[in-house]
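Reader: I should be grateful for a close examination of a single strand, with its neighbours and the packing around it. Please set that account in the context of the chain as a whole.

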Amino acid sequence: VLLHGLWNYSSIGAWLGLRGGKTPYYIYAHGMMDPWFRKEYPLKHFAKSMYWWLAEGHVLRDARAVLFTSVEEQARSYNAFPWHSFQEAVVPLGAADPMSDAMQDKAAFLEACPALRGRRYLLFMGRIHVIKGCNLLLDAFALRLAALPPDVDLVIAGPDQVGWVTELKAIAKKLGIGERVHWPGMLTGACKWGALRAAEAFILPSHHENFGIVVAEAMACGTPVLISDKVNIWREVVAAQAGIVKPDTLEGTVHLLQGWFALSDENRARTRTRAREGYLQYFDAKVAARKLLHAISGT
């Protein structure tokens, strides 16, 4: 039995039903033991600590293994909650490999966003939320604007779940970059893949990202990734030489932009090749399936 996530009754109910039986169970933590939550929500962490002591810790203790989706998530979970020990393994999530036609995907995106015809762009794609660092991205883009190539724009795509886009648009206008920033909303299907395929690079200065499936999807498209070191697959990105990693600060985000455009055309092309190779090595769905089977057979 595979369980997903902590702090809800599904894990407790499964434990109650399976403990002491012949059927083993495994549970994905999905970033829910990250110390970021302890720092940002101390009262919630106190309540979770009590719940851990009473119930959730027993769930992890009795699991055949607790599964982490990256080495970074595993490392960050150490000592998050005391009193119980457990077996563990790293099993990455698998990201889809786009099987569609690249030219058709790009055409679909440009049809949806005609203002980007003939333009290069950096792409942010994901929930438009403060945790993703969208404001840092606008500030950094404005600070580096004079040094950026004049044909490079910024695309911020994704659902506005907290009603932040209006404020962000006002910030962009105040910073003098309103005409260089595009807001296509949530992209799906061919438009999504076209946006990823055609991007100069994908950028995500997130303050917390347990895995970052869209980072892996960008790499699947051969698109380099510029991410913060709070995206938990940053070690794999560095190992693959698939992009640039910096801290989740304004200075760090500026360095993402500066570092990318300081590369020669040859090195940028090489990074695109390495992004695709890194996806195949770390994040392809077949790789994830093999690692899951290995974790199950080896524990």
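Author: Two strands are said to pair if DSSP finds at least two bridges between them. In this predicted model, strand E3 (residues 65–68) meets that criterion with strand E4 (residues 88–90), since three bridges join the two, which run parallel. Within this pairing, Phe68 stands opposite Val90 in E4. Strand E3 also pairs with strand E2 (residues 26–28), again in parallel and through three bridges. There, Ala65 of E3 is the bridge partner of Tyr26.

The faces of E3 are covered on both sides. Ala65 and Leu67 lie on one side, Val66 and Phe68 on the other, and all four are buried.

The packing may be considered next. The largest nonpolar core has 63 residues, and those touching the most other members are Leu122, Leu123, Leu196, Phe202, Val215 and Met219. Helix H9 (residues 213–220) gives the most to this core, with six residues. Phe68 of E3 belongs instead to a second, separate core of 21 residues, which also includes Trp15, Leu60 and Ala63.

As for the wider setting, the chain contains 13 helices and 10 strands. Its radius of gyration is 21 Å, close to the 19 Å given by the globule rule for 299 residues, so the chain is as compact as a globular protein of that length. Of the 299 residues, 49% count as buried. Among contacts between residues at least 6 apart in sequence, 73% join residues at least 24 apart. The chain exposes about 14000 Å², of which carbon and sulfur atoms supply 56%.

Key:
Residues numbered from 1 in each chain as written. Predicted model: local features only at pLDDT ≥ 70, side-chain atom pairs only at ≥ 80, totals over all residues. Heavy atoms only, no water. Buried < 20%, exposed > 50% of the residue type's maximum accessible area, 1.4 Å probe, protein only. Core = buried A, V, L, I, M, F, W, Y, C linked by side-chain atoms within 4.5 Å. Rg over C-alpha atoms; globule rule 2.2 N^0.38 Å. Contact = heavy atoms within 4.5 Å. Areas by Shrake-Rupley, 256 points an atom, 1.4 Å probe, with all protein chains shown as cover.
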